[in-house]
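Student: Could you take me through one part of this protein up close, and then show me how that part fits with what surrounds it? I'd like one connected walk rather than a list.

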Amino acid sequence: MKQVLLATALIALPVAAFTVFQTYSSQPPAAIAAVAPWGDLSAMKKIVADVEAVAATGDMVAAAGRITDFETAWDDAAPTLRPMDTNGWGRIDQAADAALQALRTAPPAPAEVTTTLASLAAALEAPGAMPGQAPAAGVTRVGGIAVTDAAGRALPCEVMLKDLATALAAKTLDAADFTAATDLQNKALERCNADDDARADEFSAGALALLAVK
């Protein structure tokens with residue numbers, strides 16, 4: 001999941017860490033276990049609850065605006081949260097992408113918005129693997145470059161774009177190779193801005209594979 005107006009210059013910069021750890025003082029042990037080891041996700045849950053309430057009134061424009069606050073907070077927190085629980089992070093990220101897409105579809109389908117927001121809220125309550133969840137699909141690679149985690153979920157496209165920007169800066173390429181690599185980079189950026197991590201990662205991996213043989 002990614003910020004709506006992700007700029008190319010931002011790719012080359014480290015993603016700022018956003019910590020959300022606080023102590024649960026009023027929730028039962030089961031609730032604490034559901035979010036371990038991340039700590040208090042109540043601020044993000046509150047945003048999703050706000051979006052659900054606004055969407056229920058039929059004001060999808062306002063709901064889409066409010067969920068951008070979740071998107072920003074979630075993306076900022078990703079470098080801290082994802083290494084702690086890759087599976088749980090991926091489940092929430094996947095649910096968030098679905099909710100964002102539902103709200104940004106023109107026009108939004110109210111039933112789809114309601115369903116995806118409910119799924120996102122549920123994922124935040126219990127980030128770990130759910131009963132009946134499909135088994136891990138294994139890492140997928142494009143040109144030898146990993147584009148998914150072990151559960152088969154697309155890697156964060158912002159991370160791959162950052163890696164690509166770093167690799168490009170470290171390479172001296174001829175005009176043809178530079179054009180090919182930056183064309184793939186631009187396509188990856190376009191798909192990343194469209195919340196299409198899978199396709200963005202394929203383009204980034206293609207560019208990284210090209211750089212690896214140069």
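Tutor: Let's start with helix α6, residues 110–125, keeping in mind that this is a predicted model. With 16 residues at 1.5 Å each, α6 ought to span 22 Å, and the C-alpha atoms at its ends sit 23 Å apart, so the expected and modelled lengths agree. Now look at which side chains in α6 are tucked away: Val113, Thr116, Leu117, Leu120, Ala123 and Leu124 are the buried ones. Viewed down the axis of α6, these buried residues fall within an arc of 120°, so they line one face of the helix. Turn to the face pointing away from that buried side and you find Ala111 and Thr114, which are exposed.

What does the buried face of α6 join? Leu117 and Leu120 are among the residues that touch the most other members of the largest nonpolar core, a set of 30 residues; Ile67, Phe70, Trp74, Ile92 and Leu103 are also on that list. Helices α3, α4, α5 and α6 each supply at least two residues of this core. The largest share, 10 residues, comes from α4. There is also a second, separate core of 11 residues, which includes Val147, Met160, Ala207 and Leu211.

Leu103 is a good place to see the helices come together. Leu103 belongs to helix α5, residues 86–104, and its relative accessible area is 4%; under 20% counts as buried, so Leu103 qualifies. Setting aside neighbours within four places in sequence, Leu103 is in contact with Val51, Met60, Ala63, Ala64, Ile67, Pro108, Val113 and Leu117. Two of those names, Val113 and Leu117, you have already met on the buried side of α6. Val51 is 52 residues from Leu103 in sequence, yet the two C-alpha atoms are 9.9 Å apart in space. Ile67 tells a related story: leaving out residues up to four places away in sequence, Ile67 touches Val51, Ala99, Leu100, Leu103 and Leu117.

Between α5 and α6 there is a loop, and Pro107 is found in it. Have a look at the backbone there: the peptide bond from Ala106 to Pro107 is cis, with omega near -10°. That one catches the eye because most peptide bonds are trans.

Follow Val51 back and you are in helix α3, where Val51 is one of the buried residues, along with Met44, Lys45, Ile47, Val48 and Ala55. Those residues cover an arc of only 160° around the axis, which puts them on the same side of α3. On the other side of α3, Ala43 and Ala56 are exposed. The length of α3, residues 42–56, checks out too: its 15 residues should span 21 Å at 1.5 Å a residue, and its end C-alpha atoms are 21 Å apart, which agrees. After α3 comes Gly58, with a positive phi near 95°.

Now for the aromatics in the core. The count comes to two aromatic pairs. In one, the rings of Phe70 and Trp74 have centres 6.1 Å apart and planes at 10°, so this pair is stacked. Phe70 and Trp74 both sit in helix α4, residues 60–81, four residues apart, or about one turn of the helix. Both Phe70 and Trp74 are buried. In the other pair, the rings of Trp74 and Trp89 have centres 6.1 Å apart and planes at 15°, so they are stacked as well. Trp74 is in α4 and Trp89 in α5, so the pair ties together parts that are 15 residues apart in sequence. Trp89 is buried, just as Trp74 is. Taken together, the ring pairs link Phe70, Trp74 and Trp89 into a cluster. Arg82 then lies over the face of Trp89, at 5.1 Å from the ring centre.

Finally, step back to the whole chain. The protein has nine helices and two strands, and along the sequence they run α-α-α-α-α-α-β-β-α-α-α. Of its 214 residues, 40% count as buried. As for contacts with a separation of 6 or more, residues 24 or more positions apart account for 68% of them.

Note on methods
Residues are numbered from 1 along each chain as its sequence is written. This is a predicted model: local features need pLDDT of at least 70, side-chain atom pairs count only at pLDDT 80 or more; totals for chains, interfaces and linings use all residues. Side-chain values use heavy atoms; hydrogens and water are left out. The expected span of a helix is 1.5 Å times one less than its number of residues. Buried means under 20% relative accessible area, exposed over 50%, partly exposed in between (1.4 Å probe, protein chains only). The arc is that of the directions from the helix axis to the C-beta atoms. Contact means heavy atoms within 4.5 Å. Rings of Phe, Tyr and Trp (its six-membered ring) pair if their centres lie within 6.5 Å; planes under 30 degrees apart count as stacked, over 60 as edge-to-face and the rest as tilted. A charge sits over a ring if NZ of Lys or CZ of Arg is within 6 Å of the ring centre and within 35 degrees of the ring normal. A nonpolar core is a set of buried Ala, Val, Leu, Ile, Met, Phe, Trp, Tyr and Cys residues joined through side-chain atoms within 4.5 Å.
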